[in-house]
Amino acid sequence: AEKSYSGTNMAHIIKPAVALLQDVKASNTASGEATDTGWRTRDLNTIKGESWFVTLSSNAFTLEPGMYEILATAPFYKCENIQLRLYDVTNSAATAYGQVQYARSANYGSVTTNVNTVKTITASTQYRLEYQVGATSATNGLGAGEQAWGGVMVFSQVLIRKLK
């Protein structure tokens, strides 16, 4: 006897589905001001890869029930202490915190920091990537540079793998 899988989508069993959410801006566009007044939302405006399990709207993304690996990174420029977190908008709670980094406000300090987590959710849940900095940095605080040799500027990124 052999089990029949007809009519069943088995793609998630064979390999994880992967989506990439990014903050993409035109070349010669500043990343934006990093403000030191508590937790603030990072921009996310582009989705690449497989999107059947995630939607993106107004800098927030919604995941359908399942198990996910989430890897987020974001650059900062001259902001002193920096940390990212993943915020669960649906349940009004911080759900994962990233490494604390330091980008000096003098001498062109620039760093990229991250937050990585594995989540199992049982209901559709909306998240956003948030940051907190120790010092406001105008114009390019959310990532150094205003020139892109590849045609666009990429700042925040969230890689999502649907595991189950």
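Which residue is the bridge partner of R85 in β11? I began my notebook with this question, working on a predicted model, and I found that R85 has E130 as its bridge partner in β11.

**Entry on β11.** I then looked up the strands that pair with β11, which covers residues 125–133. Strand β7, residues 80–88, is joined to β11 by seven bridges, and the two run antiparallel. I noted next that strand β2, made up of residues 40–41, is also antiparallel to β11 and is held to it by two bridges. Within that pairing I found T41 standing opposite E130, so named again here after its appearance as the partner of R85. For strand β5, residues 60–63, I recorded three bridges to β11, again in the antiparallel sense, with T125 of β11 as the bridge partner of L63.

**Entry on the open sheet.** I turned to the sheet of five strands, which is open and follows the order β3-β1-β12-β6-β10 with antiparallel pairing. Its edge strands are β3, at 46–49, and β10, at 110–121, each of which pairs on one side only. From one strand to the next I read an average twist of 20°.

**Entry on β1 and β12.** Inside that order I looked more carefully at β1, residues 17–26, and β12, residues 152–162, which pair in the antiparallel sense over nine bridges. As one position in this pairing I looked up V24, whose bridge partner in β12 is V154.

Definitions and conventions. Residues numbered from 1 in each chain as written. Predicted model: local features only at pLDDT ≥ 70, side-chain atom pairs only at ≥ 80, totals over all residues. Heavy atoms only, no water. Pairing = 2+ DSSP bridges. Helix = DSSP H or I, 4+ residues; strand = E, 2+ residues; numbered from the N terminus. Axes fitted to C-alpha atoms, helices over the stretch in contact; angles between N-to-C directions.
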